[in-house]
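Reader: I should like to learn how a metal site and a sheet are read from a model. May we work through an example together?

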Amino acid sequence: MILYNTLTRKKEEFKTHEEGKVRMYTCGPTVYHFAHIGNLRSYIMEDILEKYLAYTGYDVDRVMNITDVGHLSSDADTGEDKMLKGAKREKKTVMEIAKFYTDAFFADCEKLNIKVPDTVVPATSCIPEFIEMVQGLIDKGYAYLAGGNVYFDTSKLKEYYVFNDHDAEDLEVGVREGVEEDTNKRNKIDFVLWFTKSKFEDQELKWDSPWGVGYPGWHIECSAISLKHQGEYLDLHCGGIDNAFPHHTNEIAQSEAYIGHEWCPHWFHILHLNTNSGKMSKSKGEFLTVSLLEEKGYDPLVYRFFCLQSHYRKSLVFSWDSLDNAAQAYEKLLKKIAALDENDGELDEAVFNEYKAKFNEVMGNDLNTSLGVTALYDVLKAKTNGKTKLALLADYDRVLSLNLIEAAKKRKAPKEEVAADTDANDPRILDLIAQRAAAKKERNFAEADRIRDMLAAEGIILVDTPQGTTYKKA
Ligand SMILES: [Zn+2]
């Protein structure tokens, strides 16, 4: 598989340390609130990646943490613990909040067909491992005690900014957002491994440590949990792009300092979900959750379908209109599948293998899910019998997880209606046209061209007119 690597900033062949086995780590949620659908975009794309690797024959072992302590309001180690904030907001204990929002997270995952990782580890279950790692870093000279806290000394590294897109300027922003600077730090970019001193004396969860009673920093959690469950050679680390700095940068710094060699060669990052007013966040605008989508009458899988229509390395703009388009396209797709007859013919293996290879070609090229969705339509148009088409759709759906066969069975689409649809204004194509117009407006001509070429490959020709863009079949 060819997969973009944020660390090398190149598309490269994905390789593993042990043949046939993928050790995969994904940063889990901080369970102080519901996940918004922007967070869930990352988990959907990681799920597709995991399933695609398994589809191609790998044995994938995936570990995910649950952050239930140590993640402060600002990623730059300042402010109140997010968990404590959640507990105060809801007048509950931190552990009650953790339990409630962990369950809520996995309930959302289930609705979105996101598989639960093989190993899920709450940070509070690994305190001895964190302490051991922090002590190891002190012993090796990479960490120091100051003002009651233990800090990682970034000046001991040859290279700290491993994700080159981020530099000292980002840090300045981090410091500004964090309001105040921590004067205990030897270097501005040092980060906390263990807190014993905090302005927030009501921090609920604290543990004994060689440096006093306190709690772990957020970054050490992922390193220690990954090392504990995956060993010193991780193959693939995933997360949302805003975790690249400082979180993943710090994970790499402390893991490699601790083990003394390269830790994880391949990093997979998913771009943001934006709204028209900017990056989606919990504090800004409408709080978009899976429950809200359901309240408004959407099947959560429509949101999954919406996410798949875009590449994970492009930021995606969410609007209710585009979700409506996705809903219509999904419904129409299901009706077409419902019209297929599983008793029509025998499985044509040659056709099956040919189309499976086509699916592999697009998904194996940096996980191109939008072409993966297009491949579904190609199957529907293929010159073969119903049995072969259904077998192919079920096969693709092992990765895409759109419940295609099961949901289609619930739709009894009269054949005439499906036939009549063919030349109508296809909402999926109209949505792509709208995405292309938006890309052009942002002067992102590469993306605009990509959409045009993708449609051309399906035999759809775009016609730009002064009134807007229309399309015709080639
Ligand atoms: Zn993490």
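Author: The discussion below takes up the metal site and then a sheet. Please note that this is a predicted model.

Reader: Which protein residues are the donors of the zinc ion?

Author: One begins with the atoms that lie around the metal. Here the donors are Cys27 (SG), Cys222 (SG), His247 (NE2) and Glu251 (OE), at 2.0 to 2.6 Å from the zinc ion. Their spacing in sequence is C-x194-C-x24-H-x3-E. The two cysteines stand 195 residues apart and link distant parts of the chain: cysteine 27 belongs to the loop between β3 (21–26) and α1 (37–55), whereas cysteine 222 belongs to helix α6 (residues 218–230).

Reader: Why is the arrangement of the four donor atoms irregular?

Author: The angles at the metal decide the matter. The arrangement is irregular because these angles run from 73 to 129°, while a tetrahedral site requires all angles to lie between 85 and 135 degrees.

Reader: Is cysteine 27 buried or exposed?

Author: Residues under 20% relative accessible area count as buried. Cysteine 27 has 7% relative accessibility and is therefore buried; cysteine 222, at 1%, is buried as well.

Reader: What is the order of strands in the open sheet?

Author: Strands of a sheet pair through backbone hydrogen bonds, in parallel or antiparallel fashion. In this case four strands follow the order β8-β9-β10-β11 with antiparallel pairing. Strands β8 (143–146) and β11 (215–216) form the edges, each pairing on one side only. Between β9 (residues 149–152) and β10 (residues 191–195) there are three bridges, and phenylalanine 152 has phenylalanine 191 in β10 as its bridge partner.

Reader: Which helix packs on the sheet?

Author: Helix α7 (residues 244–259) does so, touching β9 and β10, and its direction makes about 70° with that of β10.

Conventions:
Residues are numbered from 1 along each chain as its sequence is written. This is a predicted model: local features need pLDDT of at least 70, side-chain atom pairs count only at pLDDT 80 or more; totals for chains, interfaces and linings use all residues. Side-chain values use heavy atoms; hydrogens and water are left out. Donors are N, O and S atoms within 2.8 Å of the metal (3.2 Å for Na, K and Ca); water is not among the atoms, so sites may look incomplete. Four donors count as tetrahedral if all angles lie between 85 and 135 degrees; four count as square planar and six as octahedral if opposite donors are over 155 degrees apart and all others between 65 and 115; anything else is irregular. Buried means under 20% relative accessible area, exposed over 50%, partly exposed in between (1.4 Å probe, protein chains only). Two strands pair if DSSP finds at least two bridges between them. Contact means heavy atoms within 4.5 Å. Axes are lines fitted to C-alpha atoms, for helices over the stretch in contact, and angles run from 0 to 180 degrees between N-to-C directions.
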